[in-house]
Structure formats: structure tokens, C-alpha cells
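Trainee: Could you show me how to read a few features of a protein model, one step at a time?

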Amino acid sequence: MIIKILIAAHKQCELPKDPIYLPVQVGKNLHPELVLQGYQPDNEGENISEKNPYYSELSAVYWAWKNLKADYIGLVHYRRHFCLKRKDSDWKSILTGEEAESLCKEYDLILPKKRHLYIETVYSHYDHTFFGEQFDRARDIIEKRCPDYLETFDKHMRERSEHLFNMFIMKEELFHQYCEWMFPILEELETYYDLKNMDPFQARLIGRVSERLMDVWVQKNNLRYKEIDFLYFGKKNMLRKIWGFAMAAIFHKRYKKSF
């Protein structure tokens with residue numbers, strides 16, 4: 001079984017040594033002078049490397065869709081990694097190839113544990129932190145392109161939990177089905193916005209909307225998935241995150257930067 005888990009990164013960083021991991025330099029077209037040793041550039045073969053500021057980690061996903069062959073394909077981030085069992089250090093707790101293979105034999109899809117919103121729905125939280133009309137646009141596109149997904153989309157917008165970060169591991173066949181469904185929706189969504197002239201933080205809307213499409217696709221296709229924990233490497237700023245969430249939920253103060 002060949003498993004390849006992409007590590008989306010834009011700078012040199014410490015990486016797990018397990019051969020299942022493939023570090024991908026995202027946005028390589030925009031920074032040709034930056035050479036990351038041991039990283040797969042996302043601008044080789046068919047790619048959307050130049051769209052990385054809008055699609056975020058999806059420029060790595062697109063590259064894999066068009067250029068990578070493996071039995072199972074996944075995505076993590078240089079600061080976020082899957083974790084099946086906690087060990088004596090976070091670094092040693094990163095999902096291993098042996099653990100990944102065991103999970104892949106049993107499930108169609110591996111996802112990170114859900115984020116629970118409690119007092120918000122998926123739609124209201126996004127509307128209070130960003131702009132709900134971006135979901136409205138996506139809904140219109142889904143209604144036109146794949147109306148059989150509309151009921152599931154509406155259901156997910158009313159839910160109070162979601163899988164985020166575009167993190168996953170799935171069978172190659174499912175991976176291709178997912179990309180074939182998702183990217184045309186995002187490409188049409190892109191046409192509604194002048195992304196090049198937007199604030200860079202807000203211009204990442206394509207990547208943000210895509211995070212919420214994962215649950216729509218999973219639910220509609222009744223996929224057997226396993227949730228596992230994930231680790232975050234970096235400054236967590238939990239108080240700022242909680243404060244930002246509360247201000248958005250109560251006073252509708254939209255996010256202007258990452259926490």
C-alpha cells in the first residue's frame with residue numbers, strides 16, 4: 001500500500017522522517033527564487049501554483065490530483081499533523097506510516113476531529129467572522145452544477161460542528177472524485193471576486209469556503225470515516241482565538257487577521 005500525505009508548506013521547516021510524508025512547497029510560481037530542499041514544488045506539471053494566495057493549501061491538493069500516483073493521498077500542514085496516539089512528545093506523536101496503513105485498511109477516509117461551534121451554526125459563524133454571501137454564492141453554484149448536493153449543503157450550513165483545515169487521508173479513487181467535484185465549484189466561485197485587489201487575508205476566501213465543502217461531499221456520499229486527533233506546532237494564542245470567536249458570535253466583529 002502506497003500512502004502519500006502532502007505537507008503543505010511555504011518555508012523550510014522540521015519534517016517527519018516517515019516516507020509516507022511528501023513536503024510540498026506551495027505558491028512556488030510566486031517565489032521562484034525560494035528553493036526549499038527536499039520539497040516538491042507545486043508548480044510542476046499541471047498546477048494552480050499562482051493561485052496559492054487564494055486557494056491556500058489547495059494548490060498542493062491540485063498538484064497531487066493532476067500529478068501524483070498513490071493508493072492513498074492525504075494532506076496536512078507544516079504546523080498541523082495528524083495524531084493517532086499521544087506519546088512522550090508531540091513530535092513523536094505524529095501519525096506514522098504503520099498507523100496510517102492500519103486506518104486506511106478499515107476506513108474510506110481519515111479526518112481531523114470536528115470543531116464544535118456550540119452557540120453558532122456553520123453558516124452563522126462564517127457570516128459573523130467573514131462574509132456569509134460567499135456561502136450564498138457557493139450554494140448558487142452547487143444548485144446549478146450539482147443540485148443533488150443542495151439538500152446536504154443546506155443541512156451542513158445549519159449544523160454546529162465541522163471538519164476544518166482541509167486535512168484528510170483517502171483512497172486515490174475517492175480523492176479524484178472529490179477534486180473533480182470541488183475544484184469546478186471553486187473555480188466558478190473565483191469569477192465573482194476581484195481577488196487580486198482584495199486584502200490578502202480576505203482573498204483567501206476560496207480556501208476557506210473549500211474547508212466547508214468537505215463535509216458536504218462526505219455526507220452526501222455516505223463515506224465511512226474515522227476522526228483522529230491532530231497536533232498544532234506553533235504559538236497557539238488560545239485566549240485570542242476564544243476572544244475573537246466570542247466577539248464575532250456576540251458582536252459580529254469579523255476577523256481581520258489570523259490568530
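**Reading burial and salt bridges**

Mentor: This is a predicted model, and a good place to begin is burial: Glu99 has a relative accessibility of 12% and therefore counts as buried, since buried means under 20% relative accessible area.

Trainee: Which side chain does Glu99 meet in a salt bridge?

Mentor: A salt bridge pairs a side-chain nitrogen of Lys or Arg with a carboxyl oxygen of Asp or Glu within 4 Å. Here the partner of Glu99 is Lys87, and the distance from N to O is 3.5 Å. Lys87 sits in the loop between β5 (80–83) and α3 (90–93), while Glu99 belongs to helix α4 (residues 97–106), so the pair ties together parts that are twelve residues apart in sequence. Lys87, with a relative accessible area of 38%, is partly exposed.

Trainee: How many salt bridges does the rule give?

Mentor: The count comes to 18 salt bridges. One of them joins the side chains of Lys66 and Glu46 at 3.9 Å, N to O. Because Lys66 is in helix α2 (residues 58–67) and Glu46 is in the loop between β3 (40–41) and α1 (52–55), this pair ties together parts that lie 20 residues apart in sequence. Lys66 is partly exposed, at a relative accessible area of 33%, and Glu46 is also partly exposed, at 45%.

Trainee: Are Glu211 and Arg212 buried or exposed?

Mentor: Both Glu211 and Arg212 are buried, and their side chains form a salt bridge with an N to O distance of 4.0 Å. Salt bridges can also be linked in a network, as they are for Arg86, Asp90 and Asp229.

Trainee: Which residues are in contact with Val216, once its neighbours within four places in sequence are left aside?

Mentor: When reading contacts, it helps to set sequence neighbours aside and look at what remains. For Val216, which is placed in helix α9 (residues 205–220), the list is Tyr149, Thr152, Phe153, His156 and Trp181. Val216 is buried, with a relative accessible area of 0%. As for distance along the chain and in space, Val216 and Pro184 are 32 residues apart along the chain, and their C-alpha atoms are separated by 15 Å.

Trainee: Where does Thr121 lie, and what does Thr121 touch?

Mentor: Thr121 is found in the loop between β7 (115–116) and α5 (122–129). Not counting residues up to four places away in sequence, Thr121 touches Met157, Arg158, Glu159 and Arg160. Although Thr121 is in a loop, this residue is buried, with a relative accessible area of 17%.

How values were computed: Residues are numbered from 1 along each chain as its sequence is written. This is a predicted model: local features need pLDDT of at least 70, side-chain atom pairs count only at pLDDT 80 or more; totals for chains, interfaces and linings use all residues. Side-chain values use heavy atoms; hydrogens and water are left out. Helices (H or I, at least four residues) and strands (E, at least two) are DSSP runs, numbered from the N terminus. Buried means under 20% relative accessible area, exposed over 50%, partly exposed in between (1.4 Å probe, protein chains only). Contact means heavy atoms within 4.5 Å.
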